[in-house]
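Okay, thanks for making time, everyone. I'd like to walk you through one model today, chain by chain, and then look at where the chains meet. Let me put it on the screen.

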Amino acid sequence: MGIEFDFGAVLGQWPLLVRGVLWTLGLTAIATVIGMVVGVACAWSRASGPAWLRWLVGSYVELIRNTPFIVQLFFIFFGLPAAGFKLSPEVASVIAMVMNLGAYATEIIRAGIEATPRGQIEAAVSLALNKVQVFLRVVLPPAMKKVWPAMVSQIIIVMLGSAVCSQISTEELSYAANLIQSRNFRAFEAFIIATVIYLALSVGARRLLNWAGPKYFFGR
Amino acid sequence: MTDFSLWDILRNLLLALRWTVVLSLIAFVGGGVVGGLLLFARLSGGPVADRLIGLYVQVFQGTPLLMQLFLAYFGIALFGVDVSAWTAASVALTLYTSAFLTEIWRGCVASIPKGQWEASGSLALRFGEQMRHVILPQATRIAVAPTVGFLVQVIKGTALASVIGFIELTKAGSMISNATFKPFVVFSCVALLYFVLCFPVSLYAKNLERKINVARR
């Protein structure tokens, strides 16, 4: 019994794959930017917000971290319309990815904030910086620098997790692979190629972010 | 049309929760065994084994679990074997878990000071004896917390098996949602059940971690 592979049949559909890659990267980029803002805001609330807010953010983080991404996605896409919020697959995907990354980013950034030496905050306060200035200019930049590698790993995990968004028919890479295999029945080849592309994307994104982070985002 | 009460929904979800638990255990135990073997191969096999297993880890950590499931499902079928969702999900999740666990454990072994290896080596202990009497007892203590923590990832990972038709909690949720037209209630219950399953494990892992850090300080 011989197994024959026909990768050409899949690669011939390259425009679909390219479109899929662009969607995957686009969704990830949007989710990363908004998710990190959410993470910073929540980390600040958890470190120095009022008690009720700390409790609220803590619940959000634990709720997201202890449920599967696919369930969060289904809840947003299938569950929320029943409660009156109708969303397109793409918007639902972005919201789910932002919520997901936001929760993990909160924990990661919080660890960085907690590692700030007390003396630095006291020094900043003695220079008459207000609370917001101290946080944004003194505490946050070194904290981000410290936790950046962990952050990059989490961004990659979210990018790989976005493969699940094909299940609500967001047209990203795994959706493209599925579409191709439904046209030519070359399922194994289609998914091998998609997997290799995902691997290349995760290696490339990790390199890029690890290089660009210290160079452009937090200076010095 | 019959009307479904909340209890009907919850009862059926609880029945499906069994399979989430069973699949998690298969993946965790299977992944632990494979991960352990890989760890030994990596520590004793020289640079080639180290490279190869490093690549194995990178491939599984750098690709979506969903793709791994699809590949297991369609890949095993290529050999003319009739694959059930059970087989495909167990194989994919076991390999996925093994890659993460072997990497976690390697880190734990690497954190044992080099002097321990050298001292035990100078006492003429062979590799197996070094591992058994000197390295593993110390490494296990460090490894317990992150290993338990990873169990949460495995449980959440089993949710993806729903995509290849494995009827566990998430798949049952989709089916019940289609039958009852109550997606909001159903998926809230599904999320709640996952939370009830995962949160105690997370707390336990966090607790273990704290204990170990206290002992080390």
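So, to start with the annotation: for chain A, UniProt has an unreviewed entry that puts "domain: ABC transmembrane type-1" at residues 21-209. Keep in mind that what you're looking at is a predicted model. Over that stretch, 21-209 of chain A, we get 84% helix and 0% strand, and the C-alpha atoms at the two ends sit 18 Å apart.

Chain B has an annotation like that too. The unreviewed UniProt entry has "domain: ABC transmembrane type-1" covering residues 17-205 of chain B. In the model, residues 17-205 of chain B come out at 84% helix and 0% strand, with 22 Å between the end C-alpha atoms.

For chain B, the unreviewed entry also lists "transmembrane region" features, at residues 20-41, 53-79, 142-164 and 184-205. Let me pick out two of them. Residues 20-41 of chain B are 100% helix and 0% strand, and the end C-alpha atoms are 31 Å apart. Residues 184-205 of chain B also show 100% helix and 0% strand, again with 31 Å from end C-alpha to end C-alpha.

Now, can we trust the coordinates? Here's what the predictor says about itself. Chain B has a mean pLDDT of 92, and 98% of its residues reach 70 or more. Which elements of chain B mark the lowest and the highest mean pLDDT? The low end is helix 8 of chain B, at 91, and the high end is helix 4, residues 85-110, at 95. For the complex, the predictor gives an ipTM of 0.90 and a pTM of 0.91.

Let's go through chain A on its own. There are nine helices and zero strands, so to speak a one-letter alphabet: read along the sequence, the pattern is α-α-α-α-α-α-α-α-α. The C-alpha atoms of chain A fill a box of roughly 75 × 45 × 30 Å along the principal axes. Of the 220 residues in chain A, 44% are buried. And if you take contacts in chain A between residues at least 6 apart in sequence, 78% of them join residues at least 24 apart.

Chain B, for its part, has eight helices and zero strands. Its C-alpha atoms fill a box of roughly 80 × 50 × 25 Å along the principal axes. Buried residues account for 39% of the 217 residues in chain B. With that cut of at least 6 apart in sequence, 76% of the contacts in chain B join residues at least 24 apart.

Okay, two backbone oddities in chain A for the torsion people. Ser169(A) isn't a glycine, yet its phi is positive, at about 60 degrees. Where is Ser169(A) found? In the loop between helix 7 (131-161) and helix 8 (173-184) of chain A. Ser169(A) counts as partly exposed, because it has 13 C-beta neighbours inside 10 Å.

The other one is Phe185(A), again not a glycine, with a positive phi near 60 degrees. Phe185(A) sits in the loop between helix 8 and helix 9 (187-217) of chain A. Is Phe185(A) buried or exposed? Exposed, because it has 12 C-beta neighbours inside 10 Å, and 12 or fewer is the cut-off for that class.

Next, the core. The largest nonpolar core has 121 residues, and the members that touch the most others are Leu73(A), Phe191(A), Leu69(B) and Val190(B). Helix 5 of chain A, residues 89-114, gives the largest share of this core, with 13 residues. Let me zoom in on Leu73(A). Setting aside neighbours within four places in sequence, Leu73(A) is in contact with Ala92(A), Ser93(A), Ala96(A), Val164(A), Cys165(A) and Ile168(A).

Last stop, the place where the chains touch. How many residues does each chain put into the contact? Chain B gives 31 and chain A gives 32. On the chain B side, helix 3 (65-78), helix 6 (127-157), helix 7 (169-180) and helix 8 (183-216) each supply at least two residues. Helix 8 of chain B gives the most to that side, with eleven residues. By class, the side of chain B that touches chain A has 21 nonpolar, eight polar and two charged residues.

One thing to tie together before I stop: helix 8 of chain B, the one that gives the most to chain B's side of the contact, is also the element of chain B with the lowest mean pLDDT, at 91. Okay, that's my tour, over to you.

Note on methods
Residues are numbered from 1 along each chain as its sequence is written. Chains are lettered from A and ligands numbered from 1 in the order in which they are written. This is a predicted model: local features need pLDDT of at least 70, side-chain atom pairs count only at pLDDT 80 or more; totals for chains, interfaces and linings use all residues. UniProt positions are given in the numbering used here, feature names are shortened, and annotations may be inferred rather than shown by experiment. Helices (H or I, at least four residues) and strands (E, at least two) are DSSP runs, numbered from the N terminus. Two residues are in contact if their C-beta atoms, placed from the backbone, lie within 7 Å. Ala, Val, Leu, Ile, Met, Phe, Trp, Tyr, Cys and Pro count as nonpolar, Asp, Glu, Lys and Arg as charged, and the others, Gly among them, as polar. A residue is buried if 20 or more other C-beta atoms lie within 10 Å of its own, exposed if 12 or fewer, and partly exposed in between; C-beta atoms are placed from the backbone. A nonpolar core is a set of buried Ala, Val, Leu, Ile, Met, Phe, Trp, Tyr and Cys residues joined through C-beta atoms within 7 Å. pLDDT is the predictor's confidence in each residue, from 0 to 100.
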